[in-house]
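Here is a friendly tour of the empty spaces inside a protein model. Take a look at the fold, then we will go through its cavities and its largest pocket.

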Amino acid sequence: MSMIDPRGILSRAHDLKNYAAQILSRLISIRSLSGAEKEVALFLKEEFARCGAESVEIDRFGNVIASIGSGKPVIAFDAHIDTVDIGEPSLWNIDPFGGKISGGKVWGRGASDQKGGMAAMLTALKILSSLKTRLKSTVYMVGSVLEEDCDGLCWRFLIEKSGLRPDFVILTEPTDGNINRGQRGRMEIEIVVHGLSCHGSAPERGDNAIYKIAPIIEALRRLNDRLPEDPFLGKGSIALSRLRSNSPSLCAVADMAAVYIDRRLTAGETPESAAEQIKTLDEVKLSAAEVVIPLFEKSSWNDYRFPVPKIYPAWTLPQNHPLAENSCRTFEILFEKKPVLSKWTFSTNGVATMGMFGIPTIGFGPGSESLAHAPNEFVEIDYLVRCSALYSLLPWLLT
C-alpha cells in the first residue's frame with residue numbers, strides 16, 4: 001500500500017459524492033422487484049463500463065459482473081439489485097421511485113436495501129480506475145439478482161455454475177456504519193395437517209384440520225421460547241408467517257390446514273436439527289402432520305431456474321481473521337477511529353459465500369438495517385462517501 005495515499009482516496013470519494021447521490025437516485029428510479037431486474041441490469045452493464053471496468057458481463061442467471069485488475073487475491077464486492085415492493089402506498093411521504101435527493105439523503109425504495117451499496121461500488125470503481133498505480137489484485141463488482149426471494153442463490157450459481165470463486169467477499173448490505181461479520185441462518189418450513197371434510201351443518205361427521213393444527217401452533221410458540229442462544233449471533237427463533245386451509249366450500253369442514261414458519265438458526269443449529277425438533281413435537285406426531293421444507297423454483301429475470309431447498313445457513317467470520325482485521329485497519333486509516341464489529345439481524349448472500357462455501361465474507365454498507373423494507377427508506381450521502389472510500393482502499397490492504 002506504500003504507493004497509495006489513503007487521504008487522497010478519501011478526498012476523491014468526497015469529490016464524487018454528487019455522482020454517488022445521482023447514480024443512486026437513478027438506480028432507485030428503475031423499478032427492479034425480485035425476478036424483474038432486467039432494466040436495472042442492462043443499465044448497470046453500461047454504467048460499469050463508463051466507470052472504468054475492464055470487463056463487464058451479464059451471466060446466464062442475470063447477475064451483472066464487472067472486474068478490474070488481474071492479480072491475486074480475487075476480491076468480490078456484492079450488491080443485490082432487486083428490491084421488495086413498496087407495501088401500502090399511503091405510508092410513503094415521498095415518491096418511492098422518485099430518487100429524491102434532499103437533506104443530505106437519497107430517498108426511495110432500495111436506498112438502503114440495497115442500491116446504496118451498488119452506488120458506492122460504482123463510485124469506488126471510478127476511484128480505482130483513476131489511480132496511476134495498477135491493482136495487484138482482481139476486484140469483481142457483482143450486481144446480484146433474486147436475493148430478496150432467495151438469498152444466496154445468485155452466488156450459488158456464480159460459484160457452482162460460473163466458476164467464480166473469490167478469495168474474499170465484501171457484502172454491501174446496510175450495516176449502520178459498522179463492520180458486520182456474521183448473521184443467523186434461516187430456513188422455511190411448512191407443517192401440513194389433513195382432516196376429513198363434511199357438511200358444515202354437521203361438523204361432527206368430519207375431522208376438522210383447523211382444530212387439529214391449533215395445538216401445533218401453541219406448541220411452536222412454546223418451542224420458540226426454549227431455542228438456544230449464541231453470545232454473538234443471538235437466539236434462534238420461530239415466526240409463524242402464514243396460515244392456510246382448504247375445504248370443499250365455506251359451508252364445509254376443512255380437510256387440510258397448514259402453517260408456514262420462518263425459522264432463524266443461530267450458531268450450532270442445523271436445518272436437520274431444526275426440522276427434527278418440529279417432527280418430534282407430541283402435537284405434530286399426534287396429528288400425523290407432514291413437515292415440509294419447500295423448494296425455491298422461481299425463474300430469474302433471465303429465465304434461468306435453479307431449484308433449491310429453502311435453507312440458508314448461519315455464518316460467522318472469526319474476529320481475528322485477516323479479512324476482518326484488514327477491514328478494521330482500513331476503517332481506522334480512513335476515519336481515524338475503531339469500527340464496531342457487529343452482525344446483521346436479517347439474512348444476506350453470505351449464507352452462500354461463507355455459510356455454504358466457506359469463503360471469508362464480511363459486510364460494510366451504506367444505510368441502516370432498520371430502513372430495509374420500510375416505507376420512506378433513505379440513505380445518507382455521507383454513508384455513500386465512506387463506503388466508496390473503504391471499497392477503494394481495502395483491496396490494497398488485502399494484497
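How many cavities of 30 Å³ or more are there? In this predicted model, the count comes to two. There is also a pocket to explore, and the largest one holds about 440 Å³ of space.

**The largest cavity**
- This cavity encloses about 40 Å³.
- Its lining brings together Cys150, Asp151, Gly152, Leu153 and Arg156 with Val308, Pro309, Ile311, Tyr312 and Met356.
- Three elements give two or more residues each to that lining: α5 (153-160), β16 (308-309) and β17 (311-312).
- By class, the lining of the largest cavity has seven nonpolar residues, one polar and two charged.

**The second largest cavity**
- Here the volume is about 30 Å³.
- Around this space you will find Ile170, Ile179, Ser327, Ile362, Phe364, Leu390 and Leu394.
- Six of these lining residues are nonpolar and one is polar, with no charged residue in the set.

**The largest pocket**
- A set of 23 residues lines the largest pocket, and those nearest its centre are Glu148, Arg186, Asp262, Arg264 and His373.
- Strands β9 (185-194), β12 (237-246) and β13 (256-265) supply at least two lining residues each.
- Of the elements, β13 makes the largest contribution, with four residues.
- Charged residues number 12 in the lining of this pocket, alongside six polar and five nonpolar ones.

Terms used:
Residues numbered from 1 in each chain as written. Predicted model: local features only at pLDDT ≥ 70, side-chain atom pairs only at ≥ 80, totals over all residues. Heavy atoms only, no water. 1 Å grid on protein atoms, 1.4 Å probe; cavity = no way out; pocket = protein on both sides within 12 Å on 5 of 7 lines; lining within 4 Å. Points joined across faces, edges and corners; volume = space filled by probe spheres on them. Nonpolar A, V, L, I, M, F, W, Y, C, P; charged D, E, K, R; others polar.
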